[in-house]
Amino acid sequence: MSPVPAPDAASPPALDHPLRFEMVNELHARPSPRLTAPCKVAYLAFKEPRDAANRDRARDIAHLADLARRHGASLPQPGIGHYAAQMGRHELRWEVHTEFVSYLGSTPGKAVRPFDPALAELFPADWQAAAPGRRLVAALIHVDVMPDDPDSLSARFAEWFAIDGLTAVEVLDGAAVIATDFRIDPAGWMRFAVFARPELGPGRLGRVVQRLTELETYRAMSMLGLPRARTLTATLNALDARLTALVDGLGDDDRPAETVLHDLLKVSAQLETEATQHSFRFGATRAYEAIVQDRIAALRESRFQGRQTLTEFMTRRYEPAMRTVQSAEVRLDAMLDRAARAGELLRTRVDVQRSAQNQALLERMDRRADLQLRLQHTVEGLSVVAISYYAVGLLGYAIYPVAAELGLDKAVLVARLTPLVVLAVWWGMRRVRARLHDAAGDHAGHGDL
């Protein structure tokens, strides 16, 4: 389907959102292939082993361009997200996704030998080896016309697939039969068989094949979380014992809180590191699992010849893996919460201890202040006595001549002046202390401003 044309220069630019046409075109960007039975389909998906979401997508396009040059097809444009071209007898469809790229090649006509690896001649071995990523999915899909006697398919399925894992279902209300065993054959390909009734049109048959490729691709992508979950579980087992010991020791007053806090920080940091490293993969696993279930539901399957259905196979073989991933993710979140609560309890313990220490410190400071006040009063009293003593002595020398002229006894005159000197010295000390207090108050007020 051709993209929606953008508005011409005469259109009022203010009417449409700048992304309106881009978003509409995105709905039609990845049309399903149109296939007619019989035909052969080869499908590949490549993924970078690490950090595939941030890979250099220009390398994917360069790898696609190399394939196009080999078959004399038109070269892809830089920055594209999908590509379709006729390459000799083969029709190729290429799509780029968040973590992988997919190649679907279809060839009309009946295969001489079903699931012959030579059917994948569109994708040379040396070209596959030069891919930027690694091959995550490789599938051969044998598409044929439904035989007059559907029961005769059992003999073919027994020849092509492992019976213990065989899954065979009717899809789209009996319009087609699909079969697979979800195993990789000695040549490295997974096999799918599709037998379509004549009334199944090219569009619907193409969508059935596309659903199968998507089902296998997203199943493989979602199961990438299983090894990560197993590794994480082993790590969590070790951290759980350490965290439990730390929580049990929170009430131990013999162990310093600072030491416990240091150990708890180590455990919390390691848990946060694990959460950072696994959050994207676990989130992607949930999304891919949902797509797998959606693709199975879109096929509208029903049982064929008593064989297990896709739903039954996934329930027995696939869902346990997804539950393992989910369990590891839930356990990691629970341990993060436990570590956070333990940290809060430990901080509460430290705060209580610090409050008690601060209270004791304030009490000691109060006692020291009281002692300093008493000492100050004592010093002030002694200072009054000392200053008065020297003042009386100096005053005595000054009034001796006056006392001689007046005929007064010097001792009597000094005795009468002593109380007055003491009182004057005491009053002067009070004035000095008051001025110092006022000066300190003014300094504090300016500091607050």
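Ring pairs join Phe115, Phe157, Trp160, Phe161, Phe195 and Phe304 into a cluster. The model is predicted. In total, the structure holds 16 aromatic pairs. An open sheet of nine strands, with mixed pairing, is also part of the picture.

**Aromatic cluster and ring pairs**

- Phe115, one of the cluster members, sits in the loop between strand 4 and helix 3 (125–129).
- Phe115 is buried, because its relative accessible area is 3%.
- The backbone of Phe115 has a positive phi of about 65°, although the residue is not a glycine.
- Phe157 and Trp160 also belong to the cluster. Helix 4 spans residues 153–160.
- Phe195 is another member of the cluster. Strand 8 covers 190–196.
- A pair of aromatic rings is described by the distance of the centres and the angle of the planes.
- The structure holds 16 such aromatic pairs. In one of them, Tyr103 and Trp127, the ring centres are 5.0 Å apart and the planes stand at 85°, so the pair is edge-to-face.
- This pair links distant parts of the chain: Tyr103 belongs to strand 4 and Trp127 to helix 3, 24 residues apart.
- Both Tyr103 and Trp127 are buried.

**Charges over rings**

- Arg20 lies over the face of Phe21, 5.4 Å from the ring centre.
- Arg135 lies over the face of Trp189, 5.5 Å from the ring centre.
- Arg135 falls within the range of strand 5 (residues 134–145).

**The sheet**

- Strands of a sheet pair through backbone hydrogen bonds, either parallel or antiparallel.
- Here the strand order is 2-3-4-1-5-8-7-6-9, and the pairing is mixed.
- Strand 2 (82–87) and strand 9 (302–303) stand at the edges; each has a single partner strand, so one side of each lacks a neighbour in the sheet.
- Strand 1 (residues 39–47) pairs with strand 5 (residues 134–145) in the antiparallel sense, over nine bridges.
- Lys47 stands opposite Arg134 in strand 5.

**Helices on the sheet**

- Helix 2 (residues 57–70) packs on the sheet and touches strand 2, strand 3 (90–96) and strand 4 (100–108).
- The direction of helix 2 makes about 175° with that of strand 3.
- Helix 4 (residues 153–160) packs on the sheet too, touching strand 5, strand 6 (167–171), strand 7 (176–184) and strand 8 (190–196).
- The direction of helix 4 makes about 165° with that of strand 8.

**Backbone exceptions**

- Most residues other than glycine have a negative phi, and most peptide bonds are trans.
- The peptide bond from Ala37 to Pro38 is cis, with omega near 0°.
- Pro38 lies in the loop between helix 1 (20–27) and strand 1.
- Asp51 is not a glycine, yet its phi is positive, at about 50°.
- Asp51 lies in the loop between strand 1 and helix 2.
- Asp51 has a relative accessible area of 54%, so it counts as exposed. Phe115, with its positive phi of about 65°, is buried at 3%.

**Thr231**

- Thr231 lies in helix 6 (residues 225–248).
- Thr231 counts as exposed, because its relative accessibility is 54%.
- Thr231 and Ala328 are 97 residues apart along the chain; their C-alpha atoms are separated by 9.5 Å.

Conventions:
Residues numbered from 1 in each chain as written. Predicted model: local features only at pLDDT ≥ 70, side-chain atom pairs only at ≥ 80, totals over all residues. Heavy atoms only, no water. Pairing = 2+ DSSP bridges. Helix = DSSP H or I, 4+ residues; strand = E, 2+ residues; numbered from the N terminus. Contact = heavy atoms within 4.5 Å. Axes fitted to C-alpha atoms, helices over the stretch in contact; angles between N-to-C directions. Buried < 20%, exposed > 50% of the residue type's maximum accessible area, 1.4 Å probe, protein only. Phe/Tyr/Trp six-rings, centres within 6.5 Å; stacked < 30°, edge-to-face > 60°. Lys NZ or Arg CZ within 6 Å of the ring centre and 35° of its normal.
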